[in-house]
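Get your viewer ready and keep the selection box handy. We will go from stop to stop, with a short note on what to look for at each.

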Amino acid sequence: MDQPNNKRFGMVIDLDKCTGCGACMVACMAENNVPFREDDTDKLLSIAWMRVYRLKNGKSFPQAEECFLPRPCQHCEGHHGHSPCVSVCPATATDYDMQTGIVSQVPTRCFGCRYCMAACPYHVRQFNWWDPVWPDGMERSLNPDVSVRMRGIVEKCSFCYHRYQRALDKAYAEGRRDLKEHEYQTACTQACPAGAITFGDLNNPAHAVHKLAQPDMAHEGQSRNPKAFRLLERLGTNTKIYYLSSKEWVRKAGDTAVQKA
Amino acid sequence: MEEPKANVTSSGSEHGEKEDGAGGPIILFFILGLIASLLIGWVAFPPLLYSQKKQPIDFNHALHNGLVDNGCESCHFFREDGTYSGVPKLAQCIECHEEPNGEDPEEVKFVEEYVKNEREVPWLVYSRQPACVFFSHAAHVKNAQMKCESCHGPIGESESLKPYQQNRITGYSRDIWGENILGVKRHSWDRMKMDDCAECHAASGFSGGSVQTEKDGCLVCHK
């Protein structure tokens with residue numbers, strides 16, 4: 001399973017560049033046929049594969065600072081692909097692919113027990129409480145490469161896997177087997193007006209993500225970049241989303257889920 | 001099931017009790033019932049399960065195959081971006097069939113009803129997969145160099161289109177489940193179920209990356 005030509009797709013998100021505009025969230029919803037309702041204010045019930053969080057340093061006026069943190073699925077590798085959600089799924093609806101490093105979610109296999117949602121430390125998994133209802137005419141603009149999910153199942157970010165397959169199709173038609181870096185990019189990466197998101201193969205030293213994240217594979221992908229951190233790194237989830245920040249309080253915030261008040 | 005058996009053994013003996021002779025009719029009734037159920041299940045039900053639909057035009061693949069120079073890909077072509085065109089659109093047919101080329105009634109019908117009215121032909125696609133399936137023709141035909149026949153059979157040699165059989169419950173074509181109601185498979189193109197894809201993927205020696213199944217990753221074929 002561990003082969004030298006395996007890919008490990010991952011992302012580097014530069015929080016110094018992120019303005020919190022939410023373009024990544026919109027692009028993701030449009031790309032992946034994510035359902036929404038007229039009143040989506042209750043974030044426990046609404047669905048977003050990519051969600052932008054606001055972090056605060058908790059200080060008052062002159063020192064007050066805030067930072068936006070976009071959070072797609074972290075695509076945890078854990079130890080040899082045993083990410084938290086994959087380990088608990090009783091239906092084999094979610095799986096880790098060693099060849100791409102992508103945690104898959106197959107809607108037709110999921111029966112909605114939501115065990116994975118409980119297991120995920122990042123709240124990336126979302127539950128369909130209702131069947132999707134699209135505003136009149138909008139069903140014509142749905143993406144045919146992504147199936148629409150029904151009520152009662154869990155969904156999450158797939159790193160736009162369908163874009164990977166479309167890119168491969170083009171490469172095959174041209175007689176190639178390998179993709180160039182720009183050929184496979186996620187919707188959020190391309191939508192970010194600040195260029196805060198970088199996407200690519202973490203295993204490929206020529207890719208920008210590898211240069212930014214500088215993953216140390218001997219230590220479960222820990223970054224050698226002093227500006228970089230991963231969310232809840234101490235859990236050993238070995239995620240493939242690296243965040244960059246020049247501010248120490250932001251870097252600390254990524255790993256202090258249980259902070260004493 | 002214990003009781004009839006006891007009756008059978010005791011019916012012939014002198015020590016037989018009151019229910020002597022009742023076992024025979026019960027077994028007969030059971031056997032008749034079983035035969036009737038099997039007949040209903042294997043003979044009567046399958047034709048009821050599938051509705052038969054006629055294709056709008058009876059297309060002759062063999063005739064066209066003899067006239068084009070690039071085999072199947074002459075009409076079922078790949079676009080530049082690697083996507084597959086599938087069943088040809090009217091615009092392609094018009095390149096040759098703006099007017100009837102011969103006297104075949106099917107061709108005349110095609111020109112009169114569809115070409116003249118600029119209406120797309122509502123072809124029924126035998127190999128249409130459920131919406132949750134991702135299938136890449138480029139990966140199979142361009143990358144793996146597979147032949148069209150491996151999955152679609154010798155359809156290029158057929159002179160007329162067979163009726164499209166639609167499963168009344170699922171709405172899918174019978175070609176997905178296969179003609180044989182027993183599920184017996186003689187050719188690689190007899191069925192198009194997930195197991196048939198998986199069988200070939202396993203036989204081709206792909207080392208799958210899936211942690212749970214040790215086969216291919218789920219998203220390779222599912223979406």
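The tour below starts with a sheet and ends at the contact between two chains.

First, some housekeeping: this is a predicted model, in which local features need pLDDT of at least 70 and side-chain atom pairs count only at pLDDT 80 or more, while totals for chains, interfaces and linings use all residues. Residues are numbered from 1 along each chain as its sequence is written, and chains are lettered from A and ligands numbered from 1 in the order in which they are written.

**Stop 1: the sheet.** Select β8, β1, β12 and β11 of chain A, which form an open, mixed sheet in the order β8-β1-β12-β11. Strands here are DSSP E runs of at least two residues, and helices are H or I runs of at least four, numbered from the N terminus; two strands pair if DSSP finds at least two bridges between them. β8 and β11 (228-229) are the edge strands, each pairing on one side only. Now zoom in on β1 (residues 9-14) and β12 (residues 241-244), which run parallel and are joined by 4 bridges. Across from A:Val12 you will find A:Tyr242 of β12(A).

**Stop 2: the core.** Keep A:Val12 selected and add A:Ile13, A:Ile197 and A:Tyr243: these have the most contacts inside the largest nonpolar core, which has 65 residues. Such a core is a set of buried Ala, Val, Leu, Ile, Met, Phe, Trp, Tyr and Cys residues joined through C-beta atoms within 7 Å. Buried means 20 or more other C-beta atoms within 10 Å, exposed 12 or fewer, and partly exposed in between, with C-beta atoms placed from the backbone. Helix α4 (residues 161-173) of chain A gives the largest share of this core, 6 residues.

**Stop 3: helix α1.** Select residues 23-31 of chain A, where A:Cys24, A:Cys28 and A:Glu31 are buried. Look down the axis of α1(A): its buried residues fall within an arc of 70° (taken from the directions from the axis to the C-beta atoms), so they line one face of the helix. They pack against β3 (66-71), α5 (187-191) and β8 (197-201) of chain A. Just after α1(A), A:Asn33 has a positive phi of about 50°.

**Stop 4: the contact between chains.** Finally, show chain B: the contact takes 23 of its residues and 31 from chain A, where residues touch if their C-beta atoms, placed from the backbone, lie within 7 Å.

Note on methods: Two residues are in contact if their C-beta atoms, placed from the backbone, lie within 7 Å.
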